[in-house]
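Let's take a walk through this one, stopping at a few residues and at the ligands along the way. Have the viewer open as you read.

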Amino acid sequence: MYNPKSLKATEFIDDTEIRESLAYAVEHKDDLDLCMSILEKAALCKGLSHREAMVLLESELPQVREKCFTLAEEIKKRFYGNRIVMFAPLYLSNYCINSCRYCPYHAKNKTICRKKLTQEEIVREVTALQDMGHKRLALETGEDPINNPIEYVLESIKTIYSIKHKNGAIRRVNVNIAATTVENYRKLKEAGIGTYILFQETYNKESYEYLHPAGPKSDYAYHTEAMDRAMEGGIDDVGCGVLFGLNMYKYDFVGLLMHAEHLEAVHGVGPHTISVPRICPADDIDVDEFSNAIPDDIFEKIVAILRIAVPYTGIIISTRESPRVRREILKLGVSQISGGSRTSVGGYADGEAVNRDDEMNSAQFDVSDTRTLDEVVNWLLDLGYIPSFCTACYREGRTGDRFMRLVKSGAIANVCHPNALMTLKEYLEDYASADTRRKGEALIAAEIPKLQNEKVRALVEQHMKELHNGMRDFRF
Ligand code: SF4
Ligand code: SF4
C-alpha cells in the first residue's frame, strides 16, 4: 500500500498509486479549470504533488503547455536568476560486474576497452580539468568490488582534493557510484563529498528487473532504497534521476516525483538535484531497442513541469543533449550543465577515444555537445547567462535542510549571484580565451550594479580587484 513515509521501496514507490495517478491524469487532461488551478498552486512556488504534475504532463491543451513553460521560466528566474553552474564528469573506472542492457560498461561487453585510472593518472586527469577551468566534478565509476572497491573511490577523492595546479583547485567532488551500505556512505561523507548521485534508471520494478538481469544492481529494492541509506550515513545532499527512454516516461516521471516526496517526508529534505538524461547511442547498445525514447518537445515539457513541481531542486543536464536542446531547456529550469565533457576513462589527459579508429572505445555514451568548456562558457555569455563555478554552499556547511531553508526563503540568491560573478572572474583571469574574457568582463560590469545589498556590492567590487591581482577563492 502507498506510504511515502515507508522505508520499503515498493511502498513509497507504489505501483498501484503510479497507475492510478496515470489514469487520473488521462481522465482530467482536458479539464482546463483543474489544470489552471494546479498552475495557480504552482505559481506559489510550494511545489506540486506527483498527481498534479502528471495531469499537466498528460494534458495536450495548448494553453496548459504555454502556461507551464512561462511559469517554469518565471520560477527559474526567481530562484536561479540567469546563473548556470558548470561541472564536468570524471570517469575513474569502467570495470563493472552489472549487466545493464542500456550501458556499454555492462560486464559482457567484450569490445569496450576496460580501464581504471591509477592515482597518478587521476592527477593527470584532474590537472587537465583544472587547466580547463573546472572547479566541480562528478565522479563516475562502474560497480566492481575487486577493481573499484570503496577504498579506491575514497583514495581517489583524497587525491583529487589534494591537487593544486597553478591557480586550479577542485572544490567540490560529487559522487555517482553504485548503491552501497550505510557504512560506505558514512565514509564518503567523511571524505568530503558534495552530492551523492544515483540514477534510478526506471521506477517500474518489472522493467527494472528486465533491464538489470544480473549483478548487484538487479536488486530493485536495494537500489531504490539507497538514498535513505545515504542519508542515514550522514549525506544530506542527494541527486536523483531517471534515464528517460528506458521505460514509459510517464511512469518514471511520476515515480521520480514520488521519490522526491518520500525523501522530504522521511528526512525533511528532498533531492538536492534531479538529472534528466535521455538514452543515447553507445558502444554495443542498440538504442532502437528502447522504443520509448522521447522526442524533444515532450522532453522540454518534462523539464518545465519538473521546474514548477520541485522549484527548490537543481536540474542537471549533460552533454548527451545537443546545443539546441540545451539552449531550450536552460530557459525552462536547468540550473547546472556539464561542459567540455569526456565520457571515457582517461579522456581529459589522453583525448576522447570515442569516434577514433586508433583505439578501442572506453566511453560510456556518445556526447552530442562536443564543444570545449571555453566555447560553452562563451555561448552561455552570448545567451545572457552567468556561467558560475561556485561551490560555496558545501564548503560553508550549507547542506541538507540548512540549504533548503535558504532556498525556500529566496535568500540563496543573495549568495549565488555574487559567488557566480566572482568565480566567473577567476575563470576569465585564468583560463578564458580573449573573446570569452571580453564578453565575461562586460557581463560582470553589467551585473555588479544589480547586487541589491550595498555591503555585498562593495565587497564584490573589492574582490574583483583582488582577483585581478592574483588572489583567489572568495565566497559568501
Ligand atoms: Fe555498470 Fe553503471 Fe553501466 Fe550499469 S549503468 S553497466 S552499473 S556502469
Ligand atoms: Fe550553488 Fe550555493 Fe554557489 Fe548558489 S551559493 S551556486 S546554491 S553552491
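## Starting at Val407

Val407 belongs to helix H18, which covers residues 400-409. Keep in mind that this is a predicted model. Is Val407 buried or exposed? Its relative accessibility is 3%, and the cut-off for buried is under 20%, so Val407 counts as buried.

What does Val407 touch once residues up to four places away in sequence are set aside? The list is Phe79, Tyr312 and Ile412. Take Phe79: it sits 328 residues from Val407 along the chain, yet the two C-alpha atoms are separated by 7.4 Å.

## Pro311 and Cys45

Phe79 turns up again among the contacts of Pro311, alongside Cys45, Gly47, Ile75 and Tyr80, with neighbours within four places in sequence left out. You'll find Pro311 in the loop between helix H13 (296-309) and strand S7 (314-317). With a relative accessibility of 1%, Pro311 counts as buried.

Now hop over to Cys45. Its C-alpha atom is 6.3 Å from that of Pro311, although their positions lie 266 residues apart along the chain. Cys45 is a loop residue too, placed between helix H3 (32-43) and helix H4 (50-58), and at 4% relative accessibility Cys45 counts as buried. Its backbone deserves a look: phi is positive, about 60 degrees, and Cys45 is not a glycine. Most residues other than glycine have a negative phi.

## Another positive phi

Asp473 is a further non-glycine residue with a positive phi, this one near 65 degrees. Look for Asp473 in the segment after helix H21 (454-468). How does its accessibility class come out? The relative accessible area is 28%, and partly exposed runs between 20% and 50%, so Asp473 is partly exposed.

## The nonpolar core

The largest nonpolar core has 145 residues, and the members that touch the most others are Leu56, Leu90, Leu188 and Ile337. Which helix gives the largest share of this core? That's helix H12 (residues 249-267), with nine residues.

Zoom in on Ile337 to see who surrounds it. Beyond four places in sequence, Ile337 touches Ile84, Val85, Met86, Phe87, Ile317, Arg326, Leu330, Val376, Trp379 and Leu380.

## Around ligand 2

Val85, one of the contacts of Ile337, is also part of the shell around ligand 2. Joining Val85 there are Arg136, Cys390, Thr391, Ala392, Cys393, Arg398, Phe403, Ile412, Val415, Cys416 and Asn419. Ile412 links back to our starting point, being one of the residues Val407 touches.

Helix H17 (392-395) and helix H19 (413-430) each supply at least two residues of this shell, and H19 gives the most, with three. By class, the shell has eight nonpolar, two polar and two charged residues. The space that ligand 2 takes up is the largest cavity.

## Around ligand 1 and Glu143

Which residues surround ligand 1? They are Cys96, Asn98, Cys100, Cys103, Tyr105, His106, Gly142 and Lys217. Sorted by class, that shell divides into four nonpolar, three polar and one charged.

Glu143 ties in with this group, since its contacts beyond four places in sequence include Cys96, Asn98 and Lys217; the others are Tyr95, Ile97, Asn148, Ala178, Ala179 and Pro216. The loop between strand S2 (136-141) and helix H7 (150-162) holds Glu143. Its relative accessible area is 18%, so Glu143 is buried. For a sense of distance, Glu143 and Ala25 are 118 residues apart along the chain, and their C-alpha atoms are separated by 38 Å.

## Two last stops

Thr180 sits in the loop between strand S3 (172-176) and helix H8 (182-190). It is buried, with a relative accessible area of 11%. Past four places in sequence, Thr180 touches Tyr185, Tyr222 and Arg229.

Asp374 lies in helix H16 (residues 373-382) and, at 17% relative accessibility, counts as buried. Apart from neighbours within four places in sequence, Asp374 is in contact with Tyr427, Tyr431, Ala432, Ser433 and Thr436. How far apart in space are Asp374 and Tyr427, C-alpha to C-alpha? The distance is 9.5 Å, with 53 residues of separation in sequence.

Note on methods: Residues are numbered from 1 along each chain as its sequence is written. Chains are lettered from A and ligands numbered from 1 in the order in which they are written. This is a predicted model: local features need pLDDT of at least 70, side-chain atom pairs count only at pLDDT 80 or more; totals for chains, interfaces and linings use all residues. Side-chain values use heavy atoms; hydrogens and water are left out. A residue is near a molecule or strand if one of its heavy atoms lies within 4 Å of it. Ala, Val, Leu, Ile, Met, Phe, Trp, Tyr, Cys and Pro count as nonpolar, Asp, Glu, Lys and Arg as charged, and the others, Gly among them, as polar. A nonpolar core is a set of buried Ala, Val, Leu, Ile, Met, Phe, Trp, Tyr and Cys residues joined through side-chain atoms within 4.5 Å. Buried means under 20% relative accessible area, exposed over 50%, partly exposed in between (1.4 Å probe, protein chains only). Helices (H or I, at least four residues) and strands (E, at least two) are DSSP runs, numbered from the N terminus. Contact means heavy atoms within 4.5 Å. On a 1 Å grid over the protein atoms alone, a cavity is a set of points where a 1.4 Å probe fits but cannot get out, and a pocket is an open set with protein on both sides within 12 Å along at least five of seven lines; lining residues have an atom within 4 Å of a point. A molecule sits in a cavity or pocket if more than half of its atoms lie within 2 Å of its grid points.
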